[in-house]
Amino acid sequence: MKRYLSLSFVVTALLVPCHGSAAFLHTPEIASNAEFLMNTLGFSEDKIRKLQKRATKGNILTLESGILEERVDWLSERLNLKVQDMKRIAQSRPNILEMHSGESLGPKVNYLESRLHLDELSLRQLALRAPAVLGLSLENNLVPKLEFLVTRLSLDGNQLKKLVLAAPTVLTLNVESNLEPKLDYLQSRLRLDNKSFRRLILATPSVLVINMEGNIKPKLDYLQRRLILDDGSLKKLVLCIPTVLSMRLEETIVPKLD
């Protein structure tokens, strides 16, 4: 006969070190947090084991009793998240729940809401599409990154909002090693003035999150070679069909032109 095990039994079994593994301090807080993660947020046994291995350095398993629940409640209410939404965010970015609601997450969410003029729905969508944004530093990452985009592309408030909501993971990219060289390359390669370049980026914001070396450059090279275009003609093509920059080369562009 199949034996059905209680969740508390499973949690206890998971947190007991296996033979030959490093000793691990088993506490009521860790057991309680593990049970909450599995029961409320749908964490798998494998995720709990991975958290356990890193728990000696401190993570959501080692939070004081009740703290984890408070943070989940705060985040759910502040972002108007459904149960499944909260599960998605917690499972993909558990480190977010290590952050203090009032001192870290609160100011960050308030800033994004104010700076981007987001309503409740837009704020929720941003968090769901790019949960990693919630884990970024406000002063060292989010603020300077948004200001970079505003300055580099001469964006007004509505344009910045449109850009970020269309490609929210742009906020997770490094300015110096990713965004800046990508923007410089595109504008130089297509010989665009600032106004035309801004219009192009706003027409296809997803180009900002596409890999430059492995995607954008080969795509432009192929189009120019295959269609026998000079630089001016390539520029006209991209301005006429800006979404070509976000199309897949092998799966879409090549079959259409062969």
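Student: Is Asn80 buried, partly exposed or exposed?
Tutor: In this predicted model, Asn80 lies in the loop between H4 and helix H5 (83-92). Its relative accessible area is 41%. Buried residues fall under 20% and exposed ones over 50%, so Asn80 is partly exposed.

Student: What is the phi of Asn80?
Tutor: Most residues other than glycine have a negative phi. Asn80, a residue other than glycine, has a positive value, and its phi is near 55 degrees.

Student: Which residue in the loop between helix H12 (212-226) and helix H13 (231-240) is exposed?
Tutor: The residue found in that loop has a positive phi, near 50 degrees, and is not glycine. Its relative accessibility is 75%. Exposed means over 50%, so the residue counts as exposed: Ile228.

Student: How are helix H2 (residues 28-39) and helix H4 (residues 67-78) oriented, roughly parallel or roughly antiparallel?
Tutor: Two packed helices are described by the angle between their axes and the distance between the axes. The axes of H2 and H4 come within 9 Å and cross at roughly 30 degrees. Angles under 35 degrees count as roughly parallel, so H2 and H4 are roughly parallel.

Student: How many residues of the contact of H2 with H4 are nonpolar?
Tutor: H2 contributes Ser32, Asn33, Phe36 and Leu37, while H4 contributes Leu68, Glu69 and Val72. Two residues of this contact are polar and one is charged, and the nonpolar residues number four.

Student: What percentage of the residues of the chain count as buried?
Tutor: The chain has 14 helices and zero strands. About 14,000 Å² is exposed, with carbon and sulfur atoms supplying 51% of that area. Of the 258 residues, the portion that counts as buried is 44%.

How values were computed. Residues are numbered from 1 along each chain as its sequence is written. This is a predicted model: local features need pLDDT of at least 70, side-chain atom pairs count only at pLDDT 80 or more; totals for chains, interfaces and linings use all residues. Side-chain values use heavy atoms; hydrogens and water are left out. Axes are lines fitted to C-alpha atoms, for helices over the stretch in contact, and angles run from 0 to 180 degrees between N-to-C directions. Helices (H or I, at least four residues) and strands (E, at least two) are DSSP runs, numbered from the N terminus. Angles under 35 degrees count as roughly parallel, over 145 as roughly antiparallel, 65 to 115 as roughly perpendicular and the rest as oblique. Contact means heavy atoms within 4.5 Å. Ala, Val, Leu, Ile, Met, Phe, Trp, Tyr, Cys and Pro count as nonpolar, Asp, Glu, Lys and Arg as charged, and the others, Gly among them, as polar. Buried means under 20% relative accessible area, exposed over 50%, partly exposed in between (1.4 Å probe, protein chains only). Accessible areas come from the Shrake-Rupley method with a 1.4 Å probe; for residues, only the protein chains shown count as cover.
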